[in-house]
Amino acid sequence: SGYSRHEIEGKMSFLELVAEGERSRMAKYHERRRINPGSVPNSYEFTFVNRSGQERRASVTVGLVPGTMQSICSIRDVTEEEQTKEFLEAILHNSADAIIGLDAEDKIISWNMGAEQLFGYRASEVIGRHFAMLVPKDLIETGELQRIGEETRRKGHLKNYETERISKDGRRIRINLTRSVLKDKLGKFRGTSAIVRDVTEQ
């Protein structure tokens, strides 16, 4: 924060450390926490303003001190984490390769510019739909999707698998496919990522 303990304790409101545009939300959380603690989140992000007036993204975990109406909180600066996340998201979104995120049921949850250019669909047209929409019917009938899914789950990945997919205009595209398993922090399976390259002219 840039402030000493002597400068803050008993002299400053916590809201003075919050960006002006977010003070109303934070004040409502503060008020509702004293009436019904379960009605507001215990952890969330906000914009923190330090002594020099610089804005930083912060993650806060807050709760009431048992038997009192006083709050205690832990604040962590996540500015660099947010910037790194935004940078990586920009790389994925703008990659020339088609990068597709699938949930545990093989429904599309992310779709980058490369995928849009390769298949002709905008993200709004495919999010929530099953990946099978891109697979030729004859390959579905041979059980290709099941085989790919089983091998990816068993090995954790599937590398450089050549097959065909269908574009929005009905063209069959010869592609190179790499699939990888996605897990959460506890190691639970959450879905897969697919990197698809057009190798039709190779």
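**Side-chain contacts and the main pocket**

Tyr44 is buried, its relative accessible area coming to 12%. This is a predicted model, and in it Tyr29 also counts as buried, at 15% relative accessibility; both values fall in the buried class because the limit is set at under 20%. Searching the whole structure turns up four aromatic pairs. Tyr29 and Tyr44 make one of them, an edge-to-face pair with 4.9 Å from centre to centre and 65 degrees between the planes. Tyr29 belongs to helix α2 (residues 23-35) and Tyr44 to strand β1 (residues 43-49), so this contact ties together parts that are 15 residues apart in sequence. Trp111 and Phe119 are set up another way: their ring centres lie 5.7 Å apart with the planes at 35 degrees, so the pair is tilted. Trp111 and Phe119 are both buried as well. Elsewhere, Phe14, Phe46 and Phe48 come together as one aromatic cluster.

Aromatic rings also meet charged side chains. Arg153 has its charged end over the ring of Phe189, 3.8 Å from the ring centre. Arg179 does likewise with Phe131, its charged end sitting over that ring at 5.8 Å from the centre. Since the cut-off for such a contact is within 6 Å of the ring centre, the distance for Arg179 still qualifies.

Next come the salt bridges, of which the structure holds 17. In one of them, Arg172 pairs with Asp138, and the closest N and O atoms are 3.0 Å apart. Because Arg172 sits in strand β7 (residues 172-183) and Asp138 in helix α6 (residues 137-141), the bridge ties together parts that are 34 residues apart in sequence. Arg172 is partly exposed, with 40% relative accessibility, and Asp138 is partly exposed too, at 36%.

Arg165 and Glu144 form another salt bridge, with 2.9 Å between the closest N and O atoms. Here, too, distant parts of the chain are linked: Arg165 is in strand β6 (residues 157-166) and Glu144 in helix α7 (residues 144-155), 21 residues apart. Both Arg165 and Glu144 are buried.

A further bridge joins the side chains of Arg190 and Asp184, at 3.1 Å from N to O. Arg190 has a relative accessible area of 46% and is partly exposed. Asp184, at 23%, likewise counts as partly exposed; the buried class stops at under 20%, so Asp184 falls outside it. Bridges can also join up: Glu22, Arg25, Glu45 and Arg57 belong to one network, built from salt bridges that share partners.

Finally, there is the largest pocket, with a volume of about 320 Å³. Its lining is made up of 14 residues, and those closest to the pocket centre are Phe14, His30, Val62, Ser71 and Cys73. Phe14 is thus a familiar name, as it is also part of the aromatic cluster with Phe46 and Phe48. Helix α2, strand β2 (55-64) and strand β3 (71-77) each supply at least two residues of the lining. Of the contributors to this lining, α2 gives the most, with five residues; α2 is also the helix that carries Tyr29 of the edge-to-face pair. By residue class, the lining of the largest pocket divides into 10 nonpolar residues, three polar and one charged.

Notes: Residues numbered from 1 in each chain as written. Predicted model: local features only at pLDDT ≥ 70, side-chain atom pairs only at ≥ 80, totals over all residues. Heavy atoms only, no water. Salt bridge = Lys/Arg side-chain N within 4 Å of Asp/Glu carboxyl O. Helix = DSSP H or I, 4+ residues; strand = E, 2+ residues; numbered from the N terminus. Buried < 20%, exposed > 50% of the residue type's maximum accessible area, 1.4 Å probe, protein only. Phe/Tyr/Trp six-rings, centres within 6.5 Å; stacked < 30°, edge-to-face > 60°. Lys NZ or Arg CZ within 6 Å of the ring centre and 35° of its normal. 1 Å grid on protein atoms, 1.4 Å probe; cavity = no way out; pocket = protein on both sides within 12 Å on 5 of 7 lines; lining within 4 Å. Points joined across faces, edges and corners; volume = space filled by probe spheres on them. Nonpolar A, V, L, I, M, F, W, Y, C, P; charged D, E, K, R; others polar.
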